[in-house]
Amino acid sequence: MKKDIKMNGTPAKVTGAELKKGDKAPDFTLVDNALNPVKKSDFEGKVLVISCVPSLDTPVCDVETRRFNVEADKLPGDVVVLTVSRDLPFAQARWCAASGVSKVVTVSDYRDFGFARDYGVLLEDLGLLTRAVFVVDKQGTVQYVQFVPEVTHEPDYAAVLAEVKKLM
């Protein structure tokens with residue numbers, strides 16, 4: 001599935017687990033904008049949309065995260081949208097403040113690539129995350145996986161939101 005990922009048309013090596021629908025979502029500990037740990041268990045009983053991006057400071061990641069912020073505002077409180085990148089928490093906080101993003105929770109995997117490996121989104125040669133979206137149900141099971149074939153393109157928002165609506 002994700003072996004055909006490209007960055008600007010060039011094949012990119014993506015490593016880590018091969019998550020698919022029906023798998024238990026791996027535990028994670030990420031870091032929020034205030035340097036606090038954020039764990040998967042913090043979202044128990046909620047539908048979790050996990051949007052992985054290379055860097056918020058790039059045009060496509062900016063557009064994607066703003067779009068998910070707009071969509072998150074329309075979703076009920078039992079749906080949480082996380083955007084995960086390897087950006088430092090300080091950069092994420094700055095970007096959110098400058099962009100007016102308040103509904104999406106931005107978190108960082110800057111410490112150890114643990115999330116990147118467990119979710120299979122590590123762009124090996126760049127040390128960044130590839131563009132992918134996971135939808136996890138209230139029981140912690142992966143219900144949807146989307147690896148965007150070209151990292152410089154946006155995800156299929158309609159497909160992600162359709163899956164979220166099935167779980168509400």
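Select helix H2 and look at the side where Phe-90, Ala-97 and Ala-98 are exposed. This is a predicted model. Turn to the opposite side of H2, which spans residues 89-99: its buried residues are Pro-89, Gln-92, Trp-95, Cys-96 and Ser-99. These lie on the same side of H2 because they cover an arc of only 125 degrees around the axis. Show what they pack against: strand E4 (29-31), H1, E7 and strand E8 (105-108). Just past the end of H2, select Gly-100, which takes a positive phi of about 70 degrees.

Next, select H1. The helix has 16 residues and reaches 23 Å from first C-alpha to last, close to the 22 Å expected at 1.5 Å a residue. Its buried residues are Cys-61, Asp-62, Glu-64, Thr-65, Phe-68, Asn-69, Glu-71 and Ala-72. Packed against them are E6, E7, H2, E11 and H4.

Stay on H1 for its charged side chains. Select Glu-64 together with Arg-131: they form a salt bridge, with the closest N and O atoms 2.6 Å apart. This pair links distant parts of the chain, since Glu-64 belongs to helix H1 and Arg-131 to the loop between E10 and E11, 67 residues apart. Both Glu-64 and Arg-131 are buried.

Move along H1 to Glu-71 and Lys-74, another salt bridge, where the closest N and O atoms are 3.7 Å apart. Both residues lie in helix H1, 3 residues apart, or about one turn of the helix. Is Glu-71 buried or exposed? Glu-71 counts as buried because its relative accessibility is 12%. Lys-74, with a relative accessible area of 58%, is exposed. Add Arg-67 to the selection: Arg-67, Glu-71 and Lys-74 are linked in a network of salt bridges.

Now pick Asp-73 and Lys-103, whose side chains meet in a salt bridge of 3.6 Å, N to O. Here too distant parts of the chain are linked: Asp-73 is in helix H1 and Lys-103 in the loop between H2 and E8, 30 residues apart. At 43% relative accessibility, Lys-103 counts as partly exposed. The count of salt bridges comes to 10.

Go on to helix H4 (residues 157-167). Begin at its start, where a side-chain oxygen of Asp-156 reaches to within 3.3 Å of the backbone nitrogen of Ala-158. Then colour the buried residues of H4: Tyr-157, Val-160, Leu-161, Glu-163 and Val-164. Seen down the axis, they fall within an arc of 155 degrees, so they line one face of the helix. The face turned away from this buried side carries the exposed residues Ala-158, Lys-165 and Lys-166. What covers the buried residues of H4 includes strand E6 (47-52), helix H1 (59-74), strand E7 (79-85), strand E11 (132-136) and E12.

From there, select Gln-143 in strand E12 (residues 142-147). At 18% relative accessibility, Gln-143 counts as buried. Leaving aside residues up to four places away in sequence, Gln-143 touches Lys-21, Val-135, Asp-137, Glu-163 and Leu-167. The side chains of Gln-143 and Asp-137 are joined by a polar contact of 2.9 Å.

Finish with the open sheet of 3 strands in the order E3-E9-E10, where the pairing is antiparallel. Strand E3 (14-15) and strand E10 (128-129) stand at the edges with a single partner strand each, so one side of each is left without a neighbour in the sheet. Zoom in on E3 and strand E9 (residues 122-123), which pair in the antiparallel sense over 2 bridges. Which residue in E9 is the bridge partner of Thr-15? That partner is Leu-122.

Notes: Residues numbered from 1 in each chain as written. Predicted model: local features only at pLDDT ≥ 70, side-chain atom pairs only at ≥ 80, totals over all residues. Heavy atoms only, no water. Helix = DSSP H or I, 4+ residues; strand = E, 2+ residues; numbered from the N terminus. Buried < 20%, exposed > 50% of the residue type's maximum accessible area, 1.4 Å probe, protein only. Polar contact = N/O pair within 3.5 Å; in protein donor to acceptor, adjacent residues only side chain to side chain. Contact = heavy atoms within 4.5 Å. Arc of directions from axis to C-beta. Pairing = 2+ DSSP bridges. Expected span 1.5 Å × (residues − 1). Salt bridge = Lys/Arg side-chain N within 4 Å of Asp/Glu carboxyl O.
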